[in-house]
Structures are given as structure tokens and as C-alpha cells.
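Q: Please take a close look at one part of this protein for me, then place it among its surroundings.
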Amino acid sequence: MNPGNRRYLLILFFALAFASCRQAKYVPDDYYLLKENNTEYYVLSDSTGEWQDNHSQIDEGDLEDLIRPETNNGFRLWVYNRIDTGRYQKQVIRKRKKFNKKNERRQAREDRINKKRIQKARKKGKEKYKKKTIKDKAVRLGWRHWVLDHWGEPPVILDTAKISKSRQQMKVYLSKKGFKYGEVTDSITYNEKKQKASVTYYVNPGKPYIIDSIWFHKTVYNRRLIGEYEEMKRKEGTDLEVGDLLDEDKLDDERDHMTTYFKDKAFFGFTKSYINFIVDTTVGDFKAHVAIYIKPREIPDPNNPDTTRNLQHYTYYVGEVTYKLHNPDSASFNDWEGYKKRCEAFGYSWPYRDENQNYYLLDTMFIEDTTINTYYINFEKNRRKKCGLFGKCIDTTINYKGYFIYNEEPFLKPTLLDKQNFLEHTDIERDDKNFAKDYYIDRTFKSFYRLDVFSRVTPNVGIRESEPLGRFVDVSYDLTPAPKQQFTIEPRATNTASILGVSGRISYVNKNLFRSGHQLKISVEGGLQSQPLVGGSRDDSTTFRFRGLNTFEFSPEITYKIPRFFPMTKKMRETVSKRAYPSTEITALYNYQKRPEFSRHIAEFGYRWKFSIPPDEIQRVTITPLVFNYVFLNKTAEFDSVLNKTNDPFLINSYSDFLSIGILNARHEYTNAALPKRKRKKRYVENTYSNVVDLNAAGLIVNTIYAMADKNQNFTESFNDTNKVLFGVPFTQYAKLTNTTIYNMYVNKNHRVATRLIMGAGFTYGNGFALPYTQSFVGGGSNDIRAFAARTMAPGGTQVWADTNATETQIGDMKLELNVEWRFRIAGQLHGAIFTDIGNIWKINSDSASNDPGVFNFNTFYKQVAIGVGFGVRYDLTFLILRLDVSWPLHNPYLPEGARWWRVGDKSAYVTAVKEQQANYDFRDWPHGPTFNFGIGYPF
């Protein structure tokens, strides 16, 4: 049978199997399966009206979400109907009896043990005994129950009481949206033969109330807020506009917006309850006047607690700042016995904890002007610091930071803590005013947790108790450290660059070296992967394999992170904004990879600076002042022969030893996901967008130094020489730019459309002909063009099947790719996707061939684009997402021109060539055959 016909029969079989079940199979007699809910709207025109499927002034989705009951999910009902309910009930009864007997035996065993323990305790004259508890075995009701619980859904029965309730809810919704005189009726259509029913709701909203004017009610108590409200409208817009419907939800949204804005402008303690809207609908012609009224602040009178005082709203300043550094346990003390004596000397008794169950804090430090003043409760000489009791330690780079309360020694340096705090102390004498803005609290909270040294951070902000009518708030932070050191063992499945495998990692982390938040991580990782061969046959029994896994990898790595720019003087660090969240990362790694064709050794050293661009955390920049790579390949004779037979300098150069030294590589990441929704465009508030630009370059500085040091040639000749080596190894010269854009469009709560655009190119010059293997672009795989296997996409229109010397793994130095994926929820945690992948890789430099089809050409590249279509399922386990995609190449650029589209042209030459090269020709080798991809997480 023709392979194409087999595919059609398979699709027909699944379609018939899905449709063959009577949906009302388990609906009781005299009841009806709710087939569908329909909604029609009465739309007014100039003089008349008509019933339509939608209404321009009503969000159909929101209104129809109120309809109960909802109809069945077709897939889940189909699964439910596949399970025999009689057998299911018998299985449940049988399983319950089985587990009940097991738990009865467990309970009897527990009683016997406890009886013996009681008797034993009585013999010894003890009043208590250690009770033995044996947990009941969890009841498992069988595979039918699991399928019904996770995948199935019982038929939804028509319920007239719920229909009536839905009408009432829809009418309330219309009233809230401004349609005060809206009406909703319903009609039920029965299908006696199929035992189904459909409900149609007829919505006649009538004429709505329209906002005709908006004004701010002025009082002596809110005069400060009027200007802020006008500024809010200029900067962030408003949810209320003249001409809008009188929508109660919009009024509430505006109340939330105003509250957040005023609190962020330092109106500390401002709440939503202060804002009222006075709506006048008596003006006629369905118009409404809206007045915004702000109630005065009402606080207890400090002179007479039984009465209250009305105050105007004004901004607050930050007063005292206190950091309380708590001890997590007794082991965290250097001298636990000494601490206990100190507590007892001040009247603190066991368990030496305060009302919040924290150990009492006995040592205090406050930093004022350029002087650090330390007060010690302990008077023992051997416990005093070098600066002496009540002494002064001078540090001319520090201004006022706050109070630091701790025991023995702060587990984190005060200057680092201050760098995380955005609620800074106000110094009135210096006219240094710092406002108590609400978003500073959230920003500080995130900044503390970025250090990764705390197990708990609790900010406390309140009006100064001694000045209830004043304009200062005092801030304190309760900080508890996380365990400083950590060992982890991580067995895991991997999906790196669309290559699946198994691996394991052993790592050690020290999170707080030198009390400065420095993090040291040492890890060793090893594993096996199933990678496509670069050369040779997948059926070759001589290749290295272990149960289908043909690649062994071993990689030790050391990473050192510093929460600031390093190296940098203290004076320079003070000029860096806190909002940049600067950090330095130094990495050194070695990687050994054993493949059937070669063994590869990689040594790498990287030095990176990372920081955000203020004010919002939507842009992140990584600058790598130095990156060093050394790659050594030990190729087998067979693989070396394969490369030489290709006579392709591009490939031969890519699989050669090289040394790379890059200066000032950069990466820029932008995402609006971290941007508050009120700052996004209203129309696209639920959509997310990200863009990543990577710039990598190597060889220019090294080449310049090399040319300057060359005594045998002049600078220009040496600079342009193409055969230069360093330490006996050729060093590469290239520049590579990649841009990745992802746009995630919100449709509704169950549907999204995700798109990704990748554009990248690498240019070699001087000492290099092609990009190194580790820097080259590849195509295909579970996170790429899914219609092709990982790394098998050939540059441009190269017909690798027609070249017996071609390598199986293909690389290029240019890439264009577009992915579009419609994601939707099927049932519960099961999600689906329909997608299209478009793109390819190309070479930029031509080899010796005069008409190399792999080289990018503006006149022909669009004919060499691969197009894959497919669908997939994803199962969301919360902590990870399992994904299975099946895809077909709709347009295969590696076929002869005129035969690249599915079902178009003569493909016999391809089929004949592949059958001659391989003993087993199966669906994986069809020119438009399906490709299955298993992945972890979304493809983008």
C-alpha cells in the first residue's frame, strides 16, 4: 500500500473512532444532554433593531462566562463514555475493600505495639510512653478512576433552575455595565432522538447610560491630590473617559489605579476606601455626571483617644531605618554559652526568644555621617572590637545608613544591606528628603531576595509612634539567613539544543562568602545523549552506543558571583544606581565529549557584568569583557576521511581545533512581562513581548597584538595574514549577531497565539573561513523547525541525500526562522497546540563550488525556506511541562526544485537515492513524512 494512503486511512480511523460514540450514552432517561449554549443580542439601529450574534458595546466573552451550566468538553466527554460505568463501580468497590482490609491490619498492628509500650512504661513506673503511629495506606481506586478523574468529564445535564439563575446573573452584569434596563430571556430546543438540548439566551440590553462629564470634587482635605490625579492621567492614562459607558467595573478599576498611584507618590496609608464616586443620572437622555470625591484622613486624636481628627492627605518621608539580623538557630552563634549568659544578665530567660520567637538581639550598630558607632551590651574585654567600647571606627566613604541590630557579628555587611534598601533615611538638616513611596517596599523586598542569602525577609513600615500627626514613617526589616552551604545531587533528563538524554549533576554552593553575598558554586555534570551523527550511518554497529545513547559528556564547572561590579573602587560603586542591580560573574569550565566520530575537549573562561537599565526591570544587559575558548578535537580516521571527501572547506574548518579570545561581547534582554499592567498599552495589556540581542566577537584584539609583535612583517601584512597561530593553535576571528523576538498574544483565558522570530548571522574574517563548530547555527529539533530532526537541516537548498559523502549533522553561519503556535487548553492539565515553523540555515562564504546551493542569495533564499506544520499536546505538571509534537514538512527545500511542496512534483530521485544508502526505508525517510519530537517545556 502506498505510504500516503496509509496516512489517510490512519487519520480516517481516528476520526471515526472519535465520532462513533453516542454522546448521551450515560444520560438518564427523561433527561437531556446540554449540547450548546447560544447567545443573541438585540442591536438598536437608527429607528429599528435586529437580533445579532454580537454587540459592539458588550464583551460577549465576559457575559457568556456567566452561563451555567457550561457544555461538556468534547474530548473529556468522549473519554468518560469510553469507560464502562458498571465495571468502574465494581472496581471501586473492590479496591476500597482491599485497602480497607490493609488499613485495618495496620491499625491492629499499631494497637498491639502501643499496648506493649504502655505495659512496658507502667512496669518502669512511667506516666508517659512514646506512641507508635502507622499511617493508613492511601486508597488507589484503579486505572478507570484515574482516567475519569484526570481526563474524563460526566455528561452535563440540562438544568432549568441553573438556566434561570444564569438569566438573573446576566441581567445584573448588564446593569453594572450601564444597561440599567436590560432584559434577558431564554429558549430551549429539544432533540428527542439524540436526547440532547440547546439553550439560546436572548439579550436585549436597551439603551445604556453614558458618562457625560467627569470632575474632581475639591475640598481642603484633598487639594494635594488634585494635581497628582492630573499628572496620573498625563503619564499613565485613566480608566474613565467622557463618552464611556457608566461601567461600575471601570469605576472600581479607576479607584484601584488612583490608590496605587497615590501610594506610589508617597501618600502613605492611603486606601481605596477614601475614594468615592458621586454619580448623577438625573440629567436626562441617559447621561451621567461623575464626581470624584476623596474623604479626609480620619485618625484618633492623640490628645483625646475617644475622638477622631480629620486631616488632609499629604506625603510622608522615611525616618529611621532599622535592620534586624536574626539567628536561625543556636548553631549559628559563635559562642552560644556566652550568649546565654548575656541574655540572663539582662533578665532574659529560656528559651531566649521574643514574642515573635526570634532570639533576642543584643548588639547594635548605627552608621551616621562618616562615622560607624557600635554599642556593645557585652562588657567582656575579649568580646570588644578594636575600636573599643562605645568607640568609633572611621570609614570616610559611608553616609548615614541606619541601625543594624544583631548578635556577635552581622551575617551580612551593613553596606551591602543598605545597597538593597530603597526606603532611605531622610536628613532634614541636609535637605535630603526621601519619600515613603509604596513601590519602594516591593523593590526592596525583591532586591533582598536577589542576594539569595535570606530564608525570610519581613519589611515593617509604619507612621512614627511618637509623632502620630507628623510626616515620618519608620522602617524596619526582619532578616533571617538561609543555610550558607548547600550540596545537591540532581539526576535529570536533558533537552539541550533539541538533543535528548539523561544526565546527573553534583554541586556545592556557598551563598555568602566573606559576609558579602559572594556565591561560589562548584559542580560536576556528566551524562549520555542521543545525538545525530555528523558522519556515518545510524545503522552502523561499530559506532559508540549505549542503549541508543551515543554521546558521553563530562563537565566540571566553577562559578563565582559577586553582587556588584568587580573590580571597581568604592567611590565608583557609589555612582552606580541601586536600580541597576549590578553583579559580576566569573566562570571556568572544562567539557569533555565522546562521540562516535570524535572526542572533543573544551576549556572556557568567562568574565561577565550584568545589570538592569532603570527605572523598570524590563531591560537586562550582560557585558562580557573577556571570554576565552579553547577547543581540541581528536577525530577518528573514518570521520576525517568523511570530511575530506566532502571537499568542503566550510565543514573542514568548522571541525578543526581553534582558540578564541573575545573582548566586550554583549547581550541585551527586553521583556514587558515585568512591567506593571497599568504601564502597558490598554489594548494589549495581557500580551507579553520579549527581545534578546546577542553580539559575540573574537580575534580582533588578539590579531592586533599579534601584528604589532610580528617582527618579520609590517603591521598591515601581518594583520591580514590568514595563517596565524597562538600557542601552536589557530585562533579564530569572527563576529556573530543574533536577534530573537517572542510575542505572546492573549486571546482568552484558554487560548494564546505565540510567535517567535530568529535572525542571526556570523561573519568570519582574517584568520577564519567559517564559524567554529560551537558557534555555528543549526536547524531542526523539538525547539526549532520541528518537521526535521535535530541538527539535520542542511544549508540553503543543499541536497545531502544526493551526496554520499555528506555529513548527517549540518551547520551554517546564518539563520532565519519564524514560528507561529496557537496554544489552547484541551482539558484540565492537558493542553494542545497547532503550529507552523518556517526557516532555514545558510552559509555566507562560498566554498570551491561555483553554484553552491547552501550560500545565502537574496534572489533565491525564499525558495529554500523549510515550512513545517503540525500539532502537539502538552501535559502541565506545574513543576515541568511534558510535550509531544508531530510535524510534517509542507515545503522541503532539500528536494529538487518543482518537487519541494507536499503532493507536488516527482520525488522518485530522492526515494531511490535514500533506499540505496539505507537498508531500512521507513516513515522517517519519507520526503514529507511525520517527525515526532518529545520535549520538556514550551519550545519558546
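How many bridges join strand β8 (residues 297-301) to strand β9 (residues 304-311), and is the run of the two strands parallel or antiparallel?

A: Five bridges join β8 to β9, and the two strands run antiparallel. Before we go further, please keep in mind that this is a predicted model, in which local features need pLDDT of at least 70 and side-chain atom pairs count only at pLDDT 80 or more, while totals for chains, interfaces and linings use all residues. Residues are numbered from 1 along each chain as its sequence is written, and side-chain values use heavy atoms, with hydrogens and water left out.

Back to the strands. Two residues make up the hairpin connection from β8 to β9, and Arg297 has Leu311 of β9 as its bridge partner. Strands here are DSSP runs of E with at least two residues, helices are runs of H or I with at least four, and both are numbered from the N terminus. Two strands count as paired if DSSP finds at least two bridges between them.

Now for the sheet that holds β7 (residues 287-294). This is an open sheet of three strands with mixed pairing, ordered β5-β7-β6. At its edges are β5 (210-216) and β6 (275-280), each pairing on one side only. From one strand to the next, the twist averages 25°. β5 and β7 are parallel partners over six bridges, with Trp215 bridged to Ala291 in β7. Helix α8 packs on this sheet and touches β5, β6 and β7, its direction making about 145° with that of β6. Contact means heavy atoms within 4.5 Å; axes are lines fitted to C-alpha atoms, for helices over the stretch in contact, and angles run from 0 to 180 degrees between N-to-C directions.

Helix α8 (residues 248-264) also meets helix α7 (residues 223-236): their axes come within 11 Å and cross at roughly 105°. That crossing makes α7 roughly perpendicular to α8, a label used for angles of 65 to 115 degrees, whereas under 35 is roughly parallel, over 145 roughly antiparallel and the rest oblique. On the α7 side, the residues making the contact are Leu225, Glu228, Tyr229, Glu231, Met232, Lys235 and Glu236, and α8 contributes Glu254, His257, Met258, Tyr261 and Phe262.

Next come the nonpolar cores. Such a core is a set of buried Ala, Val, Leu, Ile, Met, Phe, Trp, Tyr and Cys residues joined through side-chain atoms within 4.5 Å. Buried means under 20% relative accessible area, exposed over 50%, and partly exposed in between, using a 1.4 Å probe and protein chains only. The largest core has 30 residues, of which Tyr323, Leu412, Leu417, Phe448, Phe454, Tyr477 and Leu479 touch the most other members. At least two residues of this core come from each of β10 (317-325), β14 (402-406), α10 (414-420), α11 (438-450), β15 (454-463) and β16 (472-481). A second, separate core has 22 residues, including Tyr229, Met258, Phe262 and Ile292.

Phe454 of the largest core is worth a look on its own. Apart from its neighbours within four places in sequence, Phe454 is in contact with Phe411, Leu412, Leu417, Phe448, Tyr449, Leu479, Thr480, Pro481 and Ala482. Glu409, for its part, is placed in the loop between β14 and α10 and is partly exposed, with a relative accessible area of 40%. Glu409 lies 45 residues from Thr364 in sequence, while their C-alpha atoms are 9.7 Å apart in space.

Helix α9 (residues 336-345) has Trp336, Gly338, Tyr339, Lys340, Arg342 and Cys343 as its buried residues. Gly347 follows α9, with a positive phi near 85°.

Further along the chain, strand β24 (residues 658-662) has four of its five residues buried, so the strand is largely enclosed by the rest of the structure. Its antiparallel partner over five bridges is β23 (residues 619-635), where Asn629 stands opposite Ser660 in β24.

Finally, the whole picture. The protein has 17 helices and 35 strands, and buried residues make up 42% of its 940 residues. Of the contacts between residues at least 6 apart in sequence, 66% join residues at least 24 apart.
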